[in-house]
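Please open the model in a viewer and keep the sequence panel visible. The tour below proceeds by selection, with a short account of what is found at each stop.

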Amino acid sequence: MSEPYDSRFTLPSIDDAPSTESGVILMGLDAERLLAGVGLARLADEPALVALAVDQARHDALDLGTDALIEAGILRWRAVRPLIEAGPEMTAVGSLRREWEHATARVAATVTGLGPASVACLAACWLRRDDIDDMAEFAEHGRAPKNGSDTQDVLSRVFAD
């Protein structure tokens, strides 16, 4: 008799896109890092570079505060979440890699004009939306502004002076 097979932890298929493995890694990040990635995705639209820049900012190696990235990510998440939610229903497949493919397709189909880093970060946020929504709600009370506030976005902060 064979042992139960858990498809969530299988090795990637040779035919899987490299972005799928990036997605599996992104899904493992905490909510703050995911939101910071969403905030930074407008600056560097490559998922691996976004993850590196977020870590550099987190360790003060980049002259851009993590709070500013998280704030920008929360604002972006709040703006696009209703669009993603209104997207086509997709069945749950049980495999992280297939879930990732469905999530990226959903994000790309519902939010126009996104580059690969934005799609990747928003797809990871969509798959982890409960954590992301909790983080956004928590941040609203201390760190992040509400939609429509006059706080500058992350691009304005980076390119000031």
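Which helices each supply at least two residues of the lining of the largest pocket? In this predicted model, they are helix 5 (96–110) and helix 6 (116–127). The tour returns to them after a general view.

**The whole chain**

Display the chain as a cartoon. Eight helices and zero strands are present, and the pattern along the sequence reads α-α-α-α-α-α-α-α. Of the 161 residues in the chain, 40% are buried. Among contacts with a separation of 6 or more, 72% join residues 24 or more positions apart. If a surface is added, the accessible area comes to about 9,200 Å², and carbon and sulfur atoms account for 53% of that area.

**The largest pocket**

Select Glu89, Met90, Thr91, Ala92, Glu99, His102, Ala103, Arg106, Trp126, Leu127 and Arg129, which line the largest pocket. The space in this pocket is about 170 Å³. Colouring the lining by residue class gives five nonpolar, two polar and four charged residues. Helix 5 provides the largest share of the lining, namely four residues.

Next, centre the view on His102, which belongs to helix 5 and is one of the residues lining the pocket. Is His102 buried, partly exposed or exposed? His102 has a relative accessible area of 27% and is therefore partly exposed, since that class lies between the limits of 20% and 50%. A distance drawn from the C-alpha atom of His102 to that of Ala123 reads 8.8 Å, although 21 residues separate the two along the chain.

**Val119 in helix 6**

Select Val119, a residue of helix 6. Its relative accessibility is 14%, so Val119 counts as buried. Show the side chains of Thr104, Val107 and Leu114: Val119 is in contact with these residues when its neighbours within four places in sequence are left aside. Then draw a C-alpha to C-alpha distance from Val119 to Ala41; the two are 78 residues apart in sequence and 8.9 Å apart in space.

**Helix 2 and its cap**

Move to helix 2, residues 31–40. Why is helix 2 described as largely enclosed by the rest of the structure? The description applies because eight of its 10 residues are buried. These are Ala31, Leu34, Leu35, Ala36, Gly37, Val38, Gly39 and Leu40. At the N-terminal end of the helix, select Asp30, which acts as the cap: one of its side-chain oxygens lies 3.2 Å from the backbone nitrogen of Glu32.

**From helix 3 to helix 4**

The last stop begins in the loop between helix 3 (47–58) and helix 4, where Asp60 is found. Most residues other than glycine have a negative phi. Asp60 departs from this, with a positive phi near 60°. With a relative accessibility of 69%, Asp60 counts as exposed.

Finally, select Thr66 in helix 4 (residues 66–85). Its relative accessible area is 18%, and Thr66 is therefore buried. Outside its neighbours within four places in sequence, Thr66 is in contact with Ala57 and Arg58. A distance drawn to the backbone nitrogen of Arg58 from a polar atom of the Thr66 side chain gives 3.3 Å.

How values were computed: Residues numbered from 1 in each chain as written. Predicted model: local features only at pLDDT ≥ 70, side-chain atom pairs only at ≥ 80, totals over all residues. Heavy atoms only, no water. Buried < 20%, exposed > 50% of the residue type's maximum accessible area, 1.4 Å probe, protein only. Contact = heavy atoms within 4.5 Å. Areas by Shrake-Rupley, 256 points an atom, 1.4 Å probe, with all protein chains shown as cover. 1 Å grid on protein atoms, 1.4 Å probe; cavity = no way out; pocket = protein on both sides within 12 Å on 5 of 7 lines; lining within 4 Å. Points joined across faces, edges and corners; volume = space filled by probe spheres on them. Nonpolar A, V, L, I, M, F, W, Y, C, P; charged D, E, K, R; others polar. Polar contact = N/O pair within 3.5 Å; in protein donor to acceptor, adjacent residues only side chain to side chain.
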